[in-house]
Amino acid sequence: MSTSSGSSNPQLWGIVEQIVQQIGNIPDSSSRLHRTADTLRRLLDLHKASLIRGEDLQVSQLSLMRERNTYLETLRQIEQLGEELRWDDPDGILLRVRDVLYSDPNEPQTSSS
């Protein structure tokens, strides 16, 4: 069974809600049937909570991606400035910036002050 919207099929969940409501409307139904309806209600609640959490995670991911892109653009501008000046300035700051930009993040950094 495939769903068109990933792990969530709104039509299917709507049917489950209808079944739960119909079970609740059955007079003198068995306790086993009511336990099943309760289980389905809890499942529906979990599904709704997971949808909300998924939306929250998407918003967080987009926010982090925007922040990352802002930092990357800033780094590109610094790199472009350094290249325009051939990484040469009287104080040697550009060379230190270049070292930071192109350093291996897995190697320990040495501070030279």
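A salt bridge here is a side-chain nitrogen of Lys or Arg within 4 Å of a carboxyl oxygen of Asp or Glu. Keep that cut-off in mind. One pair in this structure is Arg76 and Glu73, with closest N and O atoms 3.7 Å apart. That distance falls within 4 Å, so the pair counts as a salt bridge.

Before going on, a caution. What you see is a predicted model.

Now the overall layout. The protein has three helices and zero strands. Along the sequence, the pattern reads α-α-α. There are 113 residues, and 12% of them count as buried. Take the contacts between residues at least 6 apart in sequence: 28% of these join residues at least 24 apart.

Let's start with α1. This helix runs over residues 10-25, which makes 16 residues. How far apart should its ends be? At 1.5 Å a residue, the helix should span 22 Å. The end C-alpha atoms are 23 Å apart, which agrees.

Which residues of α1 are buried? They are Trp13, Val16, Val20 and Ile23. Look down the helix axis, and the buried residues fall within an arc of 75 degrees, so they line one face of α1. The general rule helps here. An α-helix has 3.6 residues a turn, so residues three or four places apart point the same way.

What does that buried face meet? The buried residues of α1 pack against α2. Turn to the face pointing away from the buried side. There we find exposed residues: Pro10, Gln11, Gln21, Gln22 and Asn25.

On to α2 and its charges. How many salt bridges does the structure hold? Two. You have met Arg76 with Glu73. The other joins Arg41 to Asp38, and here the closest N and O atoms are 2.6 Å apart.

Where do these pairs sit? Arg41 and Asp38 both lie in helix α2, three residues apart, or about one turn. Arg76 and Glu73 also lie in α2, again three residues apart and about one turn of the helix.

Are these side chains buried or exposed? Arg41 is partly exposed, at 33% relative accessible area. Asp38 is partly exposed too, at 36%. In the second pair, Arg76 has a relative accessible area of 48% and is partly exposed. Glu73 is partly exposed at 37%.

Next, a charged residue without a partner. Asp89 lies in the loop between α2 (31-84) and α3 (93-101). Asp89 is buried, yet has no salt bridge. Why not? The nearest side chain of opposite charge is Arg96, 9.2 Å away, and a salt bridge needs the atoms within 4 Å, so the pair does not qualify.

What does the side chain of Asp89 reach instead? One of its polar atoms lies 3.2 Å from the backbone nitrogen of Ile93. The side chain also reaches the backbone nitrogen of Leu94, at 2.9 Å. Leaving out neighbours within four places in sequence, Asp89 is in contact with Leu94 and Leu95.

Last stop: Leu101, in helix α3. Leu101 is partly exposed, with a relative accessible area of 27%. What does Leu101 touch? Beyond residues up to four places away in sequence, it touches Leu75, Ile78, Glu79 and Trp87.

That brings us back to Arg76, from the opening salt bridge. Leu101 and Arg76 are 25 residues apart in sequence. In space, their C-alpha atoms are 9.7 Å apart.

Technical notes
Residues numbered from 1 in each chain as written. Predicted model: local features only at pLDDT ≥ 70, side-chain atom pairs only at ≥ 80, totals over all residues. Heavy atoms only, no water. Helix = DSSP H or I, 4+ residues; strand = E, 2+ residues; numbered from the N terminus. Buried < 20%, exposed > 50% of the residue type's maximum accessible area, 1.4 Å probe, protein only. Lys, Arg positive; Asp, Glu negative; His and termini not counted. Polar contact = N/O pair within 3.5 Å; in protein donor to acceptor, adjacent residues only side chain to side chain. Contact = heavy atoms within 4.5 Å. Expected span 1.5 Å × (residues − 1). Arc of directions from axis to C-beta.
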